[in-house]
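Trainee: I am new to this structure. Please take one part and look at it closely.

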Protein chains: 2
Amino acid sequence: MVKSYFGASYREVEIGEIVTLGRDAPLTLECGVPISNFPLAYQTYGTLNAKRNNAILVCHALTGDQYVTGIHPVTGKPGWWDRMIGPGKPIDTNRFFVICSNVIGSCMGSFGPKEIDPATGKAWGLNFPFITVSDMVRVQALLVDYLGIEKLFAVIGGSMGGMQVLEWATRFPERLFAAAPIATATRQSAQNIAFHEIGRQAIMADPDWCDGDYLAQRKYPHKGLAVARMAAHVTYVSQSMLQEKFGRNLQDREEYTYGFDADFSVESYLRHQGVSFVERFDPNSYLYLTRAASYFDLSQGGRARLTDVFAGTKVRFCVVSFSSDWLYASVESRNLVRALNAVAANVSFTEINTDKGHDSFLLDVPEFDAVMTGFLHGSAAMYGVD
Amino acid sequence: MVKSYFGASYREVEIGEIVTLGRDAPLTLECGVPISNFPLAYQTYGTLNAKRNNAILVCHALTGDQYVTGIHPVTGKPGWWDRMIGPGKPIDTNRFFVICSNVIGSCMGSFGPKEIDPATGKAWGLNFPFITVSDMVRVQALLVDYLGIEKLFAVIGGSMGGMQVLEWATRFPERLFAAAPIATATRQSAQNIAFHEIGRQAIMADPDWCDGDYLAQRKYPHKGLAVARMAAHVTYVSQSMLQEKFGRNLQDREEYTYGFDADFSVESYLRHQGVSFVERFDPNSYLYLTRAASYFDLSQGGRARLTDVFAGTKVRFCVVSFSSDWLYASVESRNLVRALNAVAANVSFTEINTDKGHDSFLLDVPEFDAVMTGFLHGSAAMYGVD
């Protein structure tokens with residue numbers, strides 16, 4: 001039983017595997033703070049083969065975690081990529097050994113702002129150091145070391161998970177054979193920086209956030225976090241999906257009530273997204289992780305050219321975007337592909353036609369399954385995975 | 001001096017013209033509540049001609065008001081359509097008599113939730129009755145009566161102002177010659193209902209909102225209203241405009257600070273939008289007006305067909321949309337135009353190419369000026385305006 005709280009109701013839950021990293025030497029974060037003896041929570045699925053060449057690292061998005069499949073210990077629901085990962089599924093655990101860790105800064109057992117700072121015996125809160133996508137990836141590399149894997153067969157992830165994939169491919173190009181950055185970008189756009197700022201302001205506007213000290217004060221910024229999630233959720237779906245699914249349907253009523261209740265189904269849906277989120281996610285983690293995403297920029301503020309960043313890469317790339325994704329629009333993937341083409345990298349690009357928006361990579365999109373299945377089995381044959 | 005507060009600093013300011021309407025007979029709002037002896041604040045510009053046929057009613061958007069030009073008494077800045085209205089400008093006050101009233105439910109002197117309920121001597125707050133776009137327009141018609149104008153030459157407005165234009169054209173088709181609905185839709189979309197719900201939830205999450213009773217308690221939900229405005233503002237501009245104007249520029253710094261300050265210029269810009277808004281707008285008005293916009297649906301939940309709604313109309317329509325507007329996208333205007341074409345209405349449609357997003361109708365877009373100038377002078381000649 002991990003002694004930590006999970007969600008607004010302060011439940012304690014059993015977390016699977018946790019490894020302590022940074023034992024031998026501290027890891028210096030990009031912000032300059034060295035960290036050592038910190039926990040990283042992870043899960044594995046399938047079996048590492050004798051050649052140790054069938055490992056796939058899956059990187060989760062902003063509010064995901066290590067529970068890609070199976071039953072999630074906090075929500076009681078299937079993991080976030082249950083439809084993609086498992087025996088006979090596109091990421092086939094009969095063939096591949098799948099690793100997914102909870103990124104640092106997050107809240108499912110890894111080093112994050114709700115964990116206890118040994119120096120004070122209290123939750124880190126805003127004393128937690130700022131982390132970046134690069135830091136997340138360097139910690140994942142320590143985990144891969146710990147698991148005794150020299151080179152990953154593939155690194156796969158969508159959204160902020162896709163940023164981690166790109167960071168892997170550029171920081172540790174010799175440690176992976178294939179990379180699938182999905183619905184992502186080489187840098188966070190101005191509009192997405194703006195959306196994340198709104199979310200953070202909503203949380204910090206809630207007096208129950210207590211300047212980040214809500215755990216010590218036994219409060220919880222329910223409302224602020226719910227508003228942040230609602231604002232984010234609209235960006236995860238498409239205009240046409242909302243119109244087709246909800247339109248102007250009323251919620252359990254025939255007429256307008258002339259009030260501020262959720263008259264419309266889409267309002268009720270959105271409120272539900274907010275309320276259920278506060279039961280599983282830590283508000284300070286939301287602040288830190290959105291900050292990390294906003295800081296992400298492979299071109300380092302224009303100091304590096306993408307063609308230099310990817311020059312000479314031997315990684316095989318499978319870039320995927322979704323036509324109705326307006327958060328990480330296809331143009332972002334095309335920019336990535338253009339840079340990869342300019343260095344003669346091995347890259348395929350598929351823009352999948354769907355009206356499901358950014359969340360398409362999490363949803364039932366058969367063409368996406370087919371792309372992933374084909375890429376993984378084709379690459380595995382080339383790499384010599386049995 | 002109007003005895004009312006304006007904005008978070010509770011300033012009292014001098015409001016121009018205010019007329020008391022509903023003196024002879026009450027007006028029954030769509031929600032069923034009758035109202036009488038209620039104030040409507042308005043401004044006029046230019047001179048009504050002898051034929052009384054040169055009047056243009058301008059309808060403002062969600063947070064606009066009657067100060068289309070001149071100096072705004074609260075902000076000290078030029079009115080919201082200063083670039084469009086005035087001598088020699090597209091809506092030429094040398095030729096036209098321009099009327100703009102503050103919609104009911106708003107907060108610049110008209111009947112709204114911050115005004116005093118005579119029955120209690122306190123601000124209405126959440127006891128204010130729910131209003132609709134149709135109610136706003138029926139009140140405007142009373143103002144037009146009061147001004148002694150039988151038929152308006154034109155009704156013009158963008159966004160929620162455009163909804164009012166459509167309501168005028170369908171409810172009082174004999175009382176206007178021309179109509180210019182700009183950057184609007186025949187009904188609020190699911191996505192826009194969702195965005196407004198986020199704004200309301202942000203305000204209502206702020207404990208200083210005091211269940212709508214902040215005026216009596218001498219509080220003010222600064223933070224909630226600012227978050228609501230930030231979330232709305234992102235929808236007013238385009239992705240490409242944000243990218244070109246701000247990109248990933250840092251605000252007065254060379255490096256990331258690894259903190260939650262506004263490292264990025266776009267964050268600073270957005271915060272400024274929030275902070276300045278609370279100095280001029282009433283939080284409860286924001287709740288009521290977003291509710292009214294969400295309720296807007298010319299098809300009455302599918303009970304009416306648009307072709308029936310517009311059947312036989314003699315009004316001359318000038319429909320305008322902007323290519324980068326994703327809040328009221330061009331497809332919404334095309335749907336309107338299709339219905340107008342299907343009843344052989346007199347309609348022109350211009351989609352203007354610009355990267356300025358929804359706010360294009362308020363910004364420097366010369367092609368838009370040219371469209372308005374042409375439409376108004378052409379129609380005026382036909383209508384016999386001197």
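Mentor: What follows starts with the chain as a whole, then turns to its domains, its partner chain and a single residue.

This is a predicted model, in which local features need pLDDT of at least 70, side-chain atom pairs count only at pLDDT 80 or more, and totals for chains, interfaces and linings use all residues. Residues are numbered from 1 along each chain as its sequence is written, while chains are lettered from A and ligands numbered from 1 in the order in which they are written.

Start with chain A. Its secondary structure comes to ten helices and 14 strands. These are DSSP runs, numbered from the N terminus: helices are H or I with at least four residues, strands are E with at least two. The C-alpha atoms fill a box of roughly 65 × 50 × 45 Å along the principal axes. Chain A has a radius of gyration of 21 Å, which agrees with the value near 21 Å for a compact globule of 386 residues. That radius is taken over C-alpha atoms, and the globule rule is 2.2 Å times the number of residues to the power 0.38.

Now the domains. Domain 1 of chain A covers 17–187 + 306–383, and domain 2 covers 192–292. These bounds come from an automatic or database domain assignment. The C-alpha centres of the two domains lie 25 Å apart. Their contact takes 27 residues from domain 1 and 22 residues from domain 2. Contact means that two C-beta atoms, placed from the backbone, lie within 7 Å.

Next, the partner chain. Here 43 residues of chain A are in contact with 43 residues of chain B. Among the elements of chain A that give two or more residues to this side are helix H4 (222–236) and helix H7 (283–295). H3(A) gives the most, with eleven residues. By class, the side of chain A that touches chain B has 24 nonpolar, ten polar and nine charged residues. Ala, Val, Leu, Ile, Met, Phe, Trp, Tyr, Cys and Pro count as nonpolar, Asp, Glu, Lys and Arg as charged, and the others, Gly among them, as polar.

Last, one residue in chain B. B:Phe97 is found in strand S8 (residues 97–101). B:Phe97 counts as buried because it has 22 C-beta neighbours inside 10 Å. Buried takes 20 or more other C-beta atoms within 10 Å, with C-beta atoms placed from the backbone. B:Tyr45 is 52 residues away from B:Phe97 in sequence, yet 5.8 Å away in space, C-alpha to C-alpha. Leaving out residues up to four places away in sequence, B:Phe97 touches residues including B:Thr44, B:Leu48 and B:Ala55.

Methods. Buried ≥ 20, exposed ≤ 12 C-beta atoms within 10 Å, placed from the backbone.
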